[in-house]
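Here is a short note for a colleague who is opening this structure for the first time. The points below begin with one pair of residues and move outward from there.

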Amino acid sequence: MVKIKVAILSDIHGNCVALNEVIKDAKENNVDEFLILGDLVNDLPFGNETLEIVKGLTNKVLKGNKEQYLIEYDTEKYDWKNIQFRTVKFMYNELTRENIEYIKTLPHCMSVKYEGVKFLIAHGSPESVEEQLHQDDRERLNHYTQDLDADALIFGHTHDKMWYEYINNKLVLNAGCLGVSPYYNATAEYVILDISNGKINNIDLRHIKYDLEIIKQKIIESGILSQEKVLMNLSFCGINGNGIIRHYFFKEAKELMLERSGKWYKDDAKGIFTYFKLFDDDIWLGLAEKYKDYFVF
Ligand SMILES: [Mn+2]
């Protein structure tokens with residue numbers, strides 16, 4: 001009987017420090033194969049470093065919405081003035097041409113099969129790189145599993161804690177968030193599946209510690225802080241246990257936009273505004289002032 005161990009890594013978000021710790025743990029656990037579910041780059045500024053690791057690990061890699069921003073920016077060169085968009089521009093300028101071309105080749109979902117078990121993997125959902133599937137979205141989860149031509153549907157994107165259950169006899173697994181999980185201090189989430197004889201025999205939801213101080217120094221050295229500090233601070237809140245601050249910030253920004261304009265987000269940006277949700281600069285900076293005690297940069 002052949003046994004295989006498959007590691008599922010989702011939402012790295014440029015956290016190459018966490019990624020290296022996860023790979024080390026996976027190898028110690030005799031993982032044979034890696035699946036990587038998108039949002040490889042963006043929020044943390046270590047894009048090329050992260051992509052080099054990813055490319056060396058596997059070719060079973062999906063794009064996420066964060067890659068989609070860069071792909072569309074490369075095609076359209078939007079002239080967005082918003083402060084909020086500066087981190088995407090920074091990443092676009094940081095990435096090598098080879099890496100921009102690489103992310104353009106990535107699919108948003110993929111079928112894979114190991115030892116007779118068929119998986120459909122996606123970043124958001126099988127239909128969209130941006131759709132969020134939470135565990136309480138019963139109607140959508142039923143929709144995606146009732147005629148699913150696979151034994152398992154696996155995705156990430158929501159940054160919910162890892163979860164799984166069987167729906168319509170299919171395994172539905174959210175692989176959590178490796179790079180910026182908002183629920184823990186400096187802890188990466190990923191999943192190892194044990195597969196043999198046409199069955200998934202074990203689902204191991206793993207939590208791996210990494211060194212926050214190394215990331216902090218790397219952020220300072222990256223130069224991103226001279227371009228934009230607010231999103232960087234919010235991302236850091238997302239990894240140092242203050243994820244709730246990031247949550248409040250975006251919730252309040254949406255409410256202030258709604259009050260002002262009748263819409264949650266600015267809608268004058270072209271193309272990727274459907275993915276990339278923009279707020280007015282004064283709302284963005286006002287909230288940064290409000291939450292500055294939680295910001296480290
Ligand atoms: Mn995403």
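1. A good place to begin in this predicted model is Ala7, whose bridge partner in β8 is Ile192. That pair belongs to the pairing of strand β1 (residues 3-9) with strand β8 (residues 187-196), in which the two strands run antiparallel and are joined by 6 bridges.

2. Which residue of β2 does Ala7 stand opposite? The residue is Phe34, and the pairing of β1 with β2 is in the parallel sense, over 4 bridges. Ala7 therefore has a partner named in β8, Ile192, and stands opposite one in β2, so a reader may keep in mind the general point that side chains in a regular strand alternate between the two faces of the sheet.

3. Helix α2 (residues 47-57) deserves a separate look, with Gly47, Thr50, Leu51 and Val54 as its buried residues. Seen down the axis of α2, these residues fall within an arc of 95°, so they line one face of the helix. As a general matter, an α-helix has 3.6 residues a turn, so residues three or four places apart point the same way. The buried residues of α2 pack against the helices α1 (16-28), α4 and α5 (97-104), and also against the strand β2 (33-36).

4. On a wider view, the protein is divided into domain 1, covering 3-209, and domain 2, covering 223-294, and the centres of the two, taken over C-alpha atoms, are separated by 23 Å. Where they meet, 24 residues of domain 1 are in contact with 23 residues of domain 2. On the domain 1 side, the elements that give two or more residues are α3 (65-76) and α4 (86-94), and the largest share, 5 residues, comes from α3. The residues on this side of domain 1 divide into 13 nonpolar, 6 polar and 5 charged.

5. For the protein as a whole, the secondary structure comes to 10 helices and 9 strands. The radius of gyration is 19 Å, close to the 19 Å that the globule rule gives for 297 residues, so the protein is as compact as a globular protein of that length. Its C-alpha atoms fill a box of roughly 60 × 40 × 35 Å along the principal axes.

6. Two further figures complete the description. Buried residues make up 40% of the 297 residues, and, among contacts with a separation of 6 or more, 70% are accounted for by residues 24 or more positions apart.

How values were computed
Residues are numbered from 1 along each chain as its sequence is written. This is a predicted model: local features need pLDDT of at least 70, side-chain atom pairs count only at pLDDT 80 or more; totals for chains, interfaces and linings use all residues. The radius of gyration is taken over C-alpha atoms; the globule rule is 2.2 Å times the number of residues to the power 0.38. A residue is buried if 20 or more other C-beta atoms lie within 10 Å of its own, exposed if 12 or fewer, and partly exposed in between; C-beta atoms are placed from the backbone. Two residues are in contact if their C-beta atoms, placed from the backbone, lie within 7 Å. Domain bounds come from an automatic or database domain assignment. Ala, Val, Leu, Ile, Met, Phe, Trp, Tyr, Cys and Pro count as nonpolar, Asp, Glu, Lys and Arg as charged, and the others, Gly among them, as polar. The arc is that of the directions from the helix axis to the C-beta atoms. Two strands pair if DSSP finds at least two bridges between them.
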